[in-house]
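Trainee: Could you take me through one part of this model up close? I'd like to see how the strands there are put together, and hear about any backbone oddities around them.

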Amino acid sequence: QIPGLSGAASAPAGGSHALALLSDGSVKAWGWNQYGQLGDGTTLQRTTPTTISALQDVVAVSAGDRHSLALLDDGTVMAWGNNANGQIGDGTQIDRHSPTIVSGLPAIAAISAGKLYSLGLGVDNSVWAWGRNADRQLGDGTTTMRLTPVQIAGPGMAWKIAVPVLSVASGTYSTEQTVTVTGADLDASVHYTTDGSEPTQE
């Protein structure tokens, strides 16, 4: 048992730090703190659990590689720690040593802090992502870093992909044309029609 820690509802571990959500809605953190990922307003390493005084009414926490997320009971998301890739979602790349509100989100039901990026699931089942995107981990059809949340799926998890590019211009042609469709998502299906009816061919 970890001294000074009781009544924990969950205790996710990040790259080199850990969080504990207590039954009263408070949060404790310990471990490496170079980027402020413990959320106590400092960059001091903590060898025992330290209360994040800026947080209350928390219902979920998630520990990323160098940053942390918390979900409040009203659907608000808070983030802190390393922000070099925009994973805090506050529109900057400045590390945050204390919990900061992630603006631009609807009411959120679930959160996940990844390696240098973050995800949020809306109460309407919309999906939101922000942070590093060099390996397309945000799912928005690009490799663009996102400093604020972008919606990658609509309500009911209706997924979005980047608009495909056609090798010929749109229009009416009197002769047969060969068309190459290029898309950013290799798993996407292309539905088309040759007679103007509802696109069903794949």
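Mentor: Sure, and keep in mind that this is a predicted model. Let's start from a single pair: Ser62 sits opposite Leu69, a residue of β6. That pair belongs to a wider match, since β5 and β6 (residues 67-72) run antiparallel and are joined by five bridges. Zoom out and you get an open sheet of four strands, ordered β5-β6-β7-β8, with antiparallel pairing. The edges are β5 (58-63) and β8 (96-101), each of which has a pairing partner on one side only. From one strand to the next, the twist averages 15°. As a general reminder, what holds paired strands together in a sheet is backbone hydrogen bonding, in either a parallel or an antiparallel arrangement.

Now for the backbone oddities. Most residues other than glycine have a negative phi. Asp57 goes the other way: its phi is positive, near 60°, and it isn't a glycine. You'll find Asp57 in the loop between β4 (46-51) and β5. How exposed is Asp57? It counts as partly exposed, because its relative accessible area is 42%, between the 20% and 50% cut-offs.

Leu116 is another non-glycine residue with a positive phi, at about 75°. Look for Leu116 in the loop that lies between β9 (108-113) and β10 (117-122). Leu116 has a relative accessible area of 14%, so it is classed as buried, the limit for that being under 20%.

Terms used
Residues numbered from 1 in each chain as written. Predicted model: local features only at pLDDT ≥ 70, side-chain atom pairs only at ≥ 80, totals over all residues. Heavy atoms only, no water. Pairing = 2+ DSSP bridges. Helix = DSSP H or I, 4+ residues; strand = E, 2+ residues; numbered from the N terminus. Axes fitted to C-alpha atoms, helices over the stretch in contact; angles between N-to-C directions. Buried < 20%, exposed > 50% of the residue type's maximum accessible area, 1.4 Å probe, protein only.
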